[in-house]
Amino acid sequence: MYYGPKGGKFVSARHKLARAKWIIHSLEEGANDWIEKNPASVVHGIDPADGVETVKLVAPMLPVEIPLSCGEALHHMRGALDHAVSAMVEHITRLQDRRV
């Protein structure tokens, strides 16, 4: 699957979004594999101190790559927004310069 940019005024924003989409796609595959290999379990019990029933979800630690990839994807999406706004400001400024 190709997530590349097409060009135009927003080409740098499209580059950032393409990178974010690629990261998210890879993250989804990796997370699904990890979930299949490391299922969570539910543990029921009674607290001996006060007799209250407890339910715990026990799951192994996430690999560090998963939250890091999430952060990287968000960083690229925020960068795409910055690039898009910059392109719009540049375009509007040029239009205003022509009117003067």
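This passage describes the overall form of a predicted model and then turns to two of its residues, Ala 80 and Ile 24.

In the predicted model, the protein contains 2 helices and 2 strands, and these elements follow one another from the N terminus in the order α-β-β-α. The radius of gyration of the protein is 23 Å, whereas the globule rule gives 13 Å for 100 residues, and because the former value is well over the latter, the protein is described as more spread out than a compact globule. When the C-alpha atoms are enclosed in a box taken along the principal axes, that box is roughly 80 × 35 × 15 Å.

The surface and the contacts of the protein were also computed. Of the 100 residues in the protein, 15% are buried. The protein exposes about 8,000 Å², and 61% of this area is supplied by carbon and sulfur atoms. As for the contacts between residues at least 6 apart in sequence, 48% join residues that are at least 24 apart. The protein carries 12 positive and 12 negative charges, and the mean positions of these two sets lie 19 Å apart.

Within this arrangement, Ala 80 belongs to helix α2, which covers residues 65–99. The relative accessible area of Ala 80 is 5%, and since buried means under 20%, Ala 80 is counted as buried. When residues up to four places away in sequence are not counted, Ala 80 touches Ala 13, Lys 16 and Leu 17. Ala 80 can also be compared in position with His 15, which is 65 residues away along the chain, yet the C-alpha atoms of these two residues are separated by 7.7 Å.

Ile 24, in turn, is part of helix α1, which covers residues 11–37. The relative accessible area of Ile 24 is 38%, and because this class lies between the limit of 20% for buried and that of 50% for exposed, Ile 24 is described as partly exposed. With residues up to four places away in sequence again left out, the residues touched by Ile 24 are Ala 73 and Met 77, and helix α2 spans residues 65–99. A separation of another kind is given by Ile 24 and Thr 93, which are 69 residues apart in sequence and, from C-alpha to C-alpha, 34 Å apart in space.

Conventions: Residues numbered from 1 in each chain as written. Predicted model: local features only at pLDDT ≥ 70, side-chain atom pairs only at ≥ 80, totals over all residues. Heavy atoms only, no water. Helix = DSSP H or I, 4+ residues; strand = E, 2+ residues; numbered from the N terminus. Rg over C-alpha atoms; globule rule 2.2 N^0.38 Å. Buried < 20%, exposed > 50% of the residue type's maximum accessible area, 1.4 Å probe, protein only. Contact = heavy atoms within 4.5 Å. Areas by Shrake-Rupley, 256 points an atom, 1.4 Å probe, with all protein chains shown as cover. Lys, Arg positive; Asp, Glu negative; His and termini not counted. Charge placed at Lys NZ, Arg CZ, Asp CG, Glu CD.
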